[in-house]
Amino acid sequence: MNDIIMECSGLWKNYGGMQALRNVSCRIQSGRIYGLLGPNGSGKTTLIKLANGLLTPSAGKILINGEEVGINSRKAVSYLPDCVALPDWMRIYELIKFYDDFYEDFNAKKAYQMLESLNLFSGQRFKTLSKGNKEKVQLILVMSREAKLYLLDEPMGGVDPATRDYILNTIITNYSPDAAVVISTHLISDVENILDEVLFINRGEIVLSDTVDNIRSDNGKSVDALFREVFRC
Amino acid sequence: MKWSFDHDRPIYTQIIEQMKLFIASGEYRAGEKLPAVREMAQEAGVNPNTMQRAFSELENAGLVFANRTSGRFITEDINMVEKLKEELASEAVRSFLDSMKRIGYDKAKTIELIEKSIEERGDDKDE
Amino acid sequence: MLGKLFKYEMKATGRVLLPAFAAVLVMGIINGILYMFMPDIDAPNTIYAMLTIVFTVIMVLATVAVIVMSYVLAIYRFQKNLLGREGYLMNTLPVSTTKNILAKLFAAVIYEAIAIIIVIFSYSLFLVFIASADIGFIELWRGLWDVVFSLFAEIPGEGWIYAAELAIMMVVSLAYSNLMFYAAMSMGYSSNSHKAIKSVGVYVGFYIINQILSTVLVGSIAITCGDFSGSGSVHVLMISSIIYELVIAAAYWSLTWFFMKRKLNLQ
């Protein structure tokens, strides 16, 4: 039985004159991996920020596990922003301690294991890491939580192919039937194989919501190819 | 196991096809224990649900069976494997013959070509 | 949760400020020792004299710098950790906006107060060293504090009240001035462009409003209190300024809270 981890109904968000989201409704179920796909500026990040409380809706509702977004919902949501957002004066083990301090569902052991598998030394100061390694550390911290909803905003923007494979692999390995993963990206071909369902969003509206299997069998083409058609300039 | 997927068809159908090949070719032996769904999904780079769906269908087809406690196994039924080989072989032949017809080779030329090619490859010298 | 936030904030700020504090203290001691061993004025040794002057100037600059630094750092920490990229982490933690702001405020006030205390302590150390050339060091140190205490004791019973009022005023003042920065920044950073400049603009606006309001306040006190003689009016002045700053600080707090909770605009 799949729980509905996130539900939007009639969600609107206005940003100083602009309508970033228009009448968005969607349901995110546990045990599935979703792709939130759309061109830049389509509202993907706005939707994600509404889900983790960085923004409040102008109208409509967004519920996480049946509750309004707030301190409780944040305990259940693990968020990977599209930029590196960690305090760079800390050493890696201090960052792990930080996450451990604030999140009950954080699994420090898992984090250390993942660090080791990437040959990263936990005593290293975060600011001395390369950009790619910083992003990996941030991913490790986010994925070491046993959350109900993982929101990954452009996890593969600007990373090398090996790192990209590592990220996809990590998402698959951490799959749990109790949790949902939402990956927001405009690089679809990289991620298509691991998605259950996709939501196409354009100019603030959901224009398509379906399973990858259906899209491929109905259209005889990949989601990436369909996307290019749908969003042709 | 080497997996390779086309982008324009559902992955689960492709998993089923490739599993059939692995079984027919003996890469997965009859009765062999399969790794967990998640591990196989990781290896193939696909969603665990997709892998699960493919396996449900393979179970329905009788090629794979699941033991509640010990996991998933390839069928031990050798006849089943033979039948599978026949099925795959027939399909390959049908598809080949369609191509030959399209190119315009008649039966005699086709058979000649087959014999020549087998000799050149030295395939009949193995086993 | 507040405790944890506070702990991290103290650490993050302390890594920069504690070495600076230590440096200022050491400078006070070095300066003092230099003066202590200064040769007689009758036989001036110009190089030594120049050295001591240079060191004194450095020390004065350092003390000013340390106080300024503690302020600048408080502002910098608020902006960097809550309104910049780290905001993506901090504002999605399962903690209330109130706790995030409070953690920053507590750490800021504490470090600023410590800076002031360290500076006072440094100067007194320095002075003690100078004078200890003739009198014993420890005696003098004790003597200095005796003087300070007796100053308060002299004013019958009220000395301690004054001390308490001063302490409260310092804390309230620090909280008030930090919150003024926080409010200006959270407002300025809620817009899409020119965030820093707009924050400065809002701050200037606050400053002007504050000048107007405080002039009105002092004026009305003057009118109601008549003349300014007697300890009574000093108390009235101190207490009314404490209350005034508390009220305005509350307004700044509300603005900060509102803009952080509803108008957060991380980019």
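This is a short talk on chains A, B and C of a predicted model.

Let me start with chain A. Chain A holds nine helices and ten strands. Along its principal axes, the C-alpha trace spans about 50 × 40 × 40 Å. Is the radius of gyration what a compact globule would give, or not what it would give? It agrees: chain A has 18 Å, and a compact globule with 233 residues would be near 17 Å. As for burial, 45% of the 233 residues of chain A count as buried. Now sequence separation. Take the contacts in chain A between residues at least 6 apart in sequence. Of those, 71% join residues at least 24 apart.

Next, where chain A meets chain C. Chain C puts 18 residues into this contact, and chain A puts in 19. On the chain C side, two helices each supply at least two residues: H1, residues 2–36, and H3. Which of them gives the most? That is H1(C), with four residues. By class, the chain C side that touches chain A has nine nonpolar residues, four polar and five charged.

Stay with chain C, and look inside it. The domain assignment gives domain 1, residues 1–154, and domain 2, residues 156–267. How many residues does each domain bring to the contact? Domain 1 of chain C brings 20, and domain 2 of chain C brings 20. On the domain 1 side, four elements give two or more residues. They are helix H2 (46–83), helix H3 (87–90), helix H4 (97–131) and helix H5 (137–154) of chain C. H4(C) gives the most to that side, with eight residues. The classes on the domain 1 side are 13 nonpolar, five polar and two charged. So much for chain C.

Last, one helix in chain B. Helix H5 of chain B runs over residues 107–121, which makes 15 residues. From first C-alpha to last, H5(B) reaches 21 Å. That is close to the 21 Å expected at 1.5 Å a residue. Is H5(B) well covered or hardly covered? Hardly covered: the count of buried residues among its 15 residues is zero. Buried here takes 20 or more other C-beta atoms within 10 Å of a residue's own. Just after the helix comes Gly122(B), with a positive phi of about 70°.

To recap. Chain A agrees with the compact-globule radius. H1(C) gives the most to the chain C side that touches chain A. H4(C) gives the most to the domain 1 side that touches domain 2 of chain C. And H5(B) has zero buried residues.

Technical notes:
Residues are numbered from 1 along each chain as its sequence is written. Chains are lettered from A and ligands numbered from 1 in the order in which they are written. This is a predicted model: local features need pLDDT of at least 70, side-chain atom pairs count only at pLDDT 80 or more; totals for chains, interfaces and linings use all residues. Domain bounds come from an automatic or database domain assignment. Two residues are in contact if their C-beta atoms, placed from the backbone, lie within 7 Å. Ala, Val, Leu, Ile, Met, Phe, Trp, Tyr, Cys and Pro count as nonpolar, Asp, Glu, Lys and Arg as charged, and the others, Gly among them, as polar. The expected span of a helix is 1.5 Å times one less than its number of residues. A residue is buried if 20 or more other C-beta atoms lie within 10 Å of its own, exposed if 12 or fewer, and partly exposed in between; C-beta atoms are placed from the backbone. The radius of gyration is taken over C-alpha atoms; the globule rule is 2.2 Å times the number of residues to the power 0.38.
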